[in-house]
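Student: I am new to this structure, and I would like to learn how the terms used for it are justified. Could we go through some of them together?

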Amino acid sequence: MIRSQLENPGRRSFLRTSALAGGGLVLGFYLDEANSASKHVAKPSAISEASSFKPNAFIRIATNGIVTLISKQPEIGQGIKTSLPMIIAEELEVNWRDVVIVQGDLDPIYGSQSAGGSRSTPTNYEEFHRLGATARTMLISAAAELWQLPAAELLAKDSAVHHPASGRQLDYGQLVAHAITLPVPSADTVKLKDTKDYKLLGSRIGGIDNPSVVTGKPLFGIDVKQPNMLYAVYVKSPVFGGKVVSANLDKIKSLPGVRHAFIIEGGSSLKGLLPGIAIVADSTWEAFSARKQLEVVWDEGKVVEQSWAGFTAKAQELSSQPGTETLRNDGDFNKAFADADKTVVAAYSYPFISHASIEPQNCTAFYKDGALEIWAPTQNPEAGQKIVTETLDIPKDKITLHITRSGGGFGRRLIPDYIVEAAAIAKQLSVPVKLTWTREDDLQHDQFRAGGFHFLQAGLNDKGKLIAWHNHFVTFAHSVIKEGKPTLELGSGANLSGDEFPGRWVENCLLEQTPLECNIPMGPWRAPRSNVLAWVFHSFIDELAHAAGRDPLEFRLEILGDKDFIPGTGQQGIPYDVNRMKHVLQHVADKAEWGKKSLPRGQGQGIAFHFSHLGYIAQVAEVTVSKEGKLKVDRVVVATDIGAQIVNLSGAENQVQGSVIDGLGALMFQDLNIEKGRIVQSNFHDYPMIRIAEAPTQVDVHFLKTNYPVTGLGEPALPPLAPAVCNAIFAATGIRVRQLPLLKTDLSWS
């Protein structure tokens, strides 16, 4: 294993050690320890200048020519295990058929290994290019010395170095022994390939795990098996934060296959180890079966008084009052609204929803002699290690965490509650234990996307121009203690930035926020905040366009204005390139033939755009709504600007198409009700996922190549889908959708 050979040698000794141990060439970057938690790989020029750097191996070239590349980021279906190594392979000029990709375990020498926020590609793109180029340069130099020729006369191609003038060539494996004796070039001397010479980047490469996935080979966390392993379930209070009072543990321990049953005290953090009961058996089936006979008396606390109906009523009551926090106050909204030629008032709401990843949460852990080994499908292995250390007092250097492939993530596996549960159970035993959540556990104890309520007002002048905008956002928060005082902390994804569009664009703009206290776990759900804010704002903008008698595309372009660039104001918003957004908006309109189609009643087009996670995305949806109210999304056209280079075209298309389908499923069906402090829904029978027949008939994806830095794609393509579809429904039927999911709105028309 590459990693085990690399225990803090200096750079030169690192290369020599690798050669002796494996007969190959290993190259790595060096990380600045002070910054390793956030980023990145240090540039080669800094490597030799700082003694505090550590080696971090990503490449191994064996003498047989096989090139092993380490994928450090967790694979959750986003294709990162394939796409990041493609960048190294491109610069290395290695034939893709010679490449073997290995998932790296959690190790600080790799830098940040969290996969979330569509950050994996942009934070590694430049450094991975330089790593591949460094290896290529060394191999060319090795051939130049062996042939006694100028390096400028040589080129690397198809896993070999060639001398075109003589027709000679040496495969990489043949060059390894000499390459490891050469000095490592600095960043200043490494030349990156010209983009016009790319062979891999921008092409379609199938996912490296695809054959194993389709043939059912073990890849996922739930596939992990260890000798003498036992199987566990962990039962928590159905009311969030409830505590165990008593349980019939003696009966449970007498049931077939059950080895252990015990109470874990846990704590109060909704993202940590909550109180519960562990049942450990010889099989998952026996553990699940025993659970059915478990009888627990819970202390449910005051949370049992919380409900969605109660939250809705409270939000409505608060809507007539000023917000408790002003996020933005430009101009004079009240005067502009009073002077407006036309005004529009509307309320939008959306529920809590679950990630509902196909693979339920699970984790395998083995505690022995003070050390813990973990196998976890996680998006955030560092957080998993950290919470185990803090909760169970196991030092970080005593924790080994293996990253398995995840059967879906969407932000759920950023929160490591299931990891600390498995570790807590394993710590009481001396055998490997696999914890598996049931589907009901997963749906009812998720880190949910927060619900929300938006109370909107806007004014138009006599030319139909937007002159006033007000949003009072009633959102959800947890009660926490900060600086010794109780305060409300907004849930993940439950916050609104004063810079959120159209803040910064409307002259008279008032944005307010009021938190509602709850005890519902909240966490990032694909494109956090944006997945609902885009729906609210671009649905309301569509209302305003129709109220003004304006074309929705023209109306949006007018709001975007004439400035090329809108700076951020220090809140969560960041600088906004208006031309990039206009570009994708015009492009998607052209491709969808916006405004050029004569559609009958019951059919319509809707348009929307959104900027999130550094991606500029616009979409047009085309829908048919039957008189009985049945919706069919006929076509979705997507235009994206995510910078200068698509890494893997196959993966990028998959990300966009998946976002469209995922976004449509959430829009149509997903809804969690809360009664007596607990989730009502329990499984896919009452929390349906989108099916093939309900997916869009056609999704057209257009990537606009621009001269901007490469950004990610897993999240920004989702937010515009919901408003585009809802705006198309309005165009088709005249029915405006103001609450999610769609099944709450009667779409029938006559």
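Tutor: Let us begin with one helix of this predicted model: in helix H12, the buried residues are Asp 417, Tyr 418, Ile 419, Val 420, Glu 421, Ala 422, Ala 423, Ala 424, Ile 425 and Ala 426.

Student: What makes helix H12 largely enclosed by the rest of the structure?

Tutor: A residue counts as buried when its relative accessible area is under 20%. In helix H12, which covers residues 417–427, 10 of the 11 residues are buried, and therefore the helix is largely enclosed by the rest of the structure.

Student: Why is H4 called roughly perpendicular to H5?

Tutor: Helix H4 (residues 120–147) and helix H5 (residues 172–179) pack at an angle of about 80 degrees, with their axes 9 Å apart. Angles of 65 to 115 degrees count as roughly perpendicular, so H4 is roughly perpendicular to H5. The residues of their contact divide into eight nonpolar, one polar and one charged.

Student: How do you know that strands S25 and S30 stand at the edges of their sheet?

Tutor: The sheet is open and has four strands in the order S25-S26-S27-S30, with mixed pairing. Strand S25 (603–612) and strand S30 (698–703) each have a single partner strand, so one side of each is left without a neighbour in the sheet.

Student: What makes S27 and S30 a pair?

Tutor: Two strands pair if there are at least two bridges between them. Six bridges join strand S27 (residues 631–641) to S30, and the two run parallel; among the bridge partners are Thr 640 and, in S30, Phe 703.

Key:
Residues are numbered from 1 along each chain as its sequence is written. This is a predicted model: local features need pLDDT of at least 70, side-chain atom pairs count only at pLDDT 80 or more; totals for chains, interfaces and linings use all residues. Side-chain values use heavy atoms; hydrogens and water are left out. Buried means under 20% relative accessible area, exposed over 50%, partly exposed in between (1.4 Å probe, protein chains only). Axes are lines fitted to C-alpha atoms, for helices over the stretch in contact, and angles run from 0 to 180 degrees between N-to-C directions. Angles under 35 degrees count as roughly parallel, over 145 as roughly antiparallel, 65 to 115 as roughly perpendicular and the rest as oblique. Ala, Val, Leu, Ile, Met, Phe, Trp, Tyr, Cys and Pro count as nonpolar, Asp, Glu, Lys and Arg as charged, and the others, Gly among them, as polar.
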